[in-house]
Structures are given as C-alpha cells and as structure tokens.
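Reader: I should be grateful for a close look at a single part of this structure, namely a place where two helices meet. Please explain it in terms that a first-year student can follow.

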Amino acid sequence: MQIANQTIDFRLPELHPKQLDIALSTAKHKRVCAGRRGGKSKLCCSIASLRALAEREPIWWCAPTFRNTKAAWLELTALARQLGKLVKIYKDDFLIEYPRTKGPNDSAGFVQVVSTAEPDNMRSIGLGGLIYDEAAYGAERAYTEVLQPALLDYADSWDMLITTPNGFNWFYREFKKGQDGVEDYAAFHWTTYDNPFLPGGKKAIDALKHKMTEKAFRQEILAEFVADALSVFRNVAACVHQDALTGPIPGHTYVMGLDWGRKHDYTAVSIWDVEDRREVVLDRFNQVGFGIQRGRVKALAEHWNVSQILAEENGIGMANVEQLQADGLPVTPYKMSWQSKKQLVEALALALEREEVGIVGEQVSEHAKTAIEEMLAYQEIVNPQTGVIRYSAPEGGHDDTVIARMLGYHLIGDAIGEPFILDW
C-alpha cells in the first residue's frame, strides 16, 4: 500500500474459515452470532483497521461498557503501531487516526472506541462504518436512535453487530433479518469449537461443560438462542433432604449466608455444612427490630460454630454487619450487582442441576416450602432496552431465602468463576 510515497507492509492476523466468510461478504449489515473466544472481535479489529486505513472511513467501535472495549482497544492499537509515526493514537479519546493515503487534502480515516452506556452523549457525528460488540447485551435504543442515523452521511456506510446471544431479544430480530434474506443483510453463526486457534482446542472447550450450566454452555459456547422462559433453578425437588440435625457434626465446617430484609421483606439465614455440601438450617423472620434479628443471627452462628458469614451489602445491611462485626462475628459484606448476582445464581443453579448439593425440606425447616416456592418462581428478566439479564423475584414476591442460600453456597468455595469479558 502506498502512503505518502512510501510502500508499507500492513499485516493482519490469519483468519479461520468462519471469519473469512464474513470478511468476503459484501452485505452492508452483517449480524454475527458466535461463541465465546470464537474470534469475532479479533476479526472486526482487522476489518475496522483496514477500512480506516485503505478507505479513509470514520469508524466507531462500540460496546455496552468501556470494560467491554478494553481488549479491542489493545488489539486496535497493536495493529495501528505497525505504521509507526504515520498513525496518531489519542489515548484520552480512545481514537486512532490513520494517515491520508493520497494527499494532504484527503480526509483521514479513524477508529474510535465508544461506550453506548449513555446513548444521548453519542449524537452529532457521521460515520462510514460501525461495529457494535456484545450487541445483545447493549441497548437497542443506542443502535436504533443514535448509531443507525450516524451512518446516513455515507452512501456506502456499513455496520456489524457481533455478540454471543442473549435470549430472543432485539439482536435476535436483527439476526433473523440476515437469515430471512432481507436485502443488504447477512447472518453468520459459529461456535467456540469452530475457532482452530484456541490453544487448548476441543479438549479445553469440553472441560467447560463441567463448569457451566447446560443453558450457559448452549448460549455462551454453542451460541444458541436459548428461550428466556427456562427456569433459573431446575431439579430443585431432587436436592431436598429431610435430615434434621440438632447441632454441628464434630469436625465439620459451617458457613452462613445472610440477607437482611427491607421494609416489607424478610431477613433470611441459610447455614451450610461445607463437608457434606448441604444446607442444615433455614430461617426467616420480619416484623421485629434489628436488635432482635441480630440476636437471632448471633445465636444461630454460635450454636452451629459458624466460621464465615456472608451478608448482602445494602443500605440497612451495612449497619447490621458492622454491629455483628463489633460483637465478634466473622461477617463479610457482599456487594450485590447484576454481574455478581449472575455469578451466584449460575453457581447454585449448576449445583442443583447436577444434584451436588442438598437443601432442607419441610421436616427440617418450617420455612422450607416457602423457600422452595421462592426458588421456583425466581426469574431471569432480559431488559428489552439494554439486553441486560437480571435475576429477581416476580413482582410482589420475595427472594430473601434465595439470596441467603446463594450467599451461603458461595462460601463453600466452588463458585462458577469470574464473569466473561470481551472475547476474541
């Protein structure tokens, strides 16, 4: 390629067959649904960089949060640095400006990394190309109201939505346009198994079957659109036990999950036997002062010789946590975000699905029936505007025992792992 009377060598990574299909497609609107670590993001870094350089296009690389863009920014800058001083990298603006390929009066192409978290701050720009990474987890409004209109300034503009699926949300509808042959649209699908460049190969991917729920594996690895209506917790009845204990078994370790009730909620306590991997105590109460509630928690912890207590951190919870800590109890607050809750939910769901844990039945706890009903009613809700999955009780319901159980199980120490981040 000639730039400023120089011949430069601009090398892009090798593509696997699935990536190559996309690179060769002439569709203006490409919809890519692929498994984690499948190579979709790495491909798009190459496409964005090459078009910004060769076609002098203004391009945005978008993702739901800046955290999702970190790996892409590293890849984009690594490609750009092949050009040395001919390229300008503005770290504060996450902007890479490529050199003019003809003369000083030609416009320069660029790639800029942008978060769609605040769509209204993204207006007033014209784009030649657009990549929306993790689109299924981003806001539909950001795409339809802000990003699509930004492409109107260029007759040959293009866009790519790339993601793992997230239920049958707005990205699914976009993907279907490609499948249904809508003009200028193309849909592409592949699984994590289709990426031949992963060091561990099929064996490493197969190992994930033992670390993920069936639903998560189908969605994250096989890139399947999984129905939102699937229950969050399945196989609950098979995990119920009726072995009532009056106290701790010598040599066993006991941990506690604790969810403090708000105005109309219950405070819930779930105590687990680490060695037997089963719940031994479930209690819930409300309509009493927090002083009395702390007293009940303290009495249970002392009776069962609890070694760790994990309590949800919230407005009323922290004051109670601090008081229990002052009383000498081994309490740790847990900050509940949608990401951290997702990790808790998937860990307990996996254990129940495989019958690896036991939860108390009605002969052990008077609250067992209510607690099982709360688990069965627990919902996975996909926000239609943002695509974010959230877990909660149905409107008007309670999830106090669910939260307490998840926190208690988390202390056993085999949580499902860190949430996935942007993949290649």
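Author: Two residues are said to be in contact when heavy atoms of theirs lie within 4.5 Å. The model is a predicted one, and the part chosen here is the meeting of helix 11 with helix 12. Helix 11 covers residues 368-377 and helix 12 covers residues 400-410. From helix 11, the residues Ala371, Ile372, Glu374 and Met375 take part, and they meet Asp400, Thr401, Val402 and Arg405 of helix 12. By character, the residues of this contact divide into four nonpolar, one polar and three charged.

The geometry may be described next. The axes of the two helices come within 8 Å and cross at roughly 85 degrees. An angle of 65 to 115 degrees counts as roughly perpendicular; helix 11 and helix 12 are therefore roughly perpendicular to each other.

The setting of this contact in the chain also deserves attention. The secondary structure comes to 12 helices and 19 strands, and buried residues make up 51% of the 424 residues. Among contacts between residues at least 6 apart in sequence, 71% join residues at least 24 apart.

The largest nonpolar core has 32 residues, of which Val32, Trp61, Tyr98, Ile131 and Met160 touch the most other members. Helix 2 (40-54) is one of the elements that give two or more residues to this core, as are strand 4 (58-63) and strand 9 (158-163). The largest share, seven residues, comes from helix 2. Apart from this core lies another, of 30 residues, and Ile403 is among them, together with Met336, Leu344 and Val345. Within the largest core, Ile131 may serve as an example: among the residues that Ile131 touches are Cys44, Ala48, Trp61 and Met160.

Finally, the confidence of the prediction must be considered. The chain averages a pLDDT of 84, and 89% of the residues score at least 70. Among the elements, strand 12 (residues 254-259) has the highest mean pLDDT, 96, and strand 1 (residues 2-3) the lowest, 54. Over residues 415-424 pLDDT stays under 50, although the model has 44 contacts beyond four places in sequence for this stretch. Where pLDDT is low, the predicted coordinates should not be read in detail.

Note on methods. Residues numbered from 1 in each chain as written. Predicted model: local features only at pLDDT ≥ 70, side-chain atom pairs only at ≥ 80, totals over all residues. Heavy atoms only, no water. Core = buried A, V, L, I, M, F, W, Y, C linked by side-chain atoms within 4.5 Å. Buried < 20%, exposed > 50% of the residue type's maximum accessible area, 1.4 Å probe, protein only. Helix = DSSP H or I, 4+ residues; strand = E, 2+ residues; numbered from the N terminus. Axes fitted to C-alpha atoms, helices over the stretch in contact; angles between N-to-C directions. Parallel < 35°, antiparallel > 145°, perpendicular 65-115°, else oblique. Nonpolar A, V, L, I, M, F, W, Y, C, P; charged D, E, K, R; others polar. pLDDT = per-residue confidence, 0-100.
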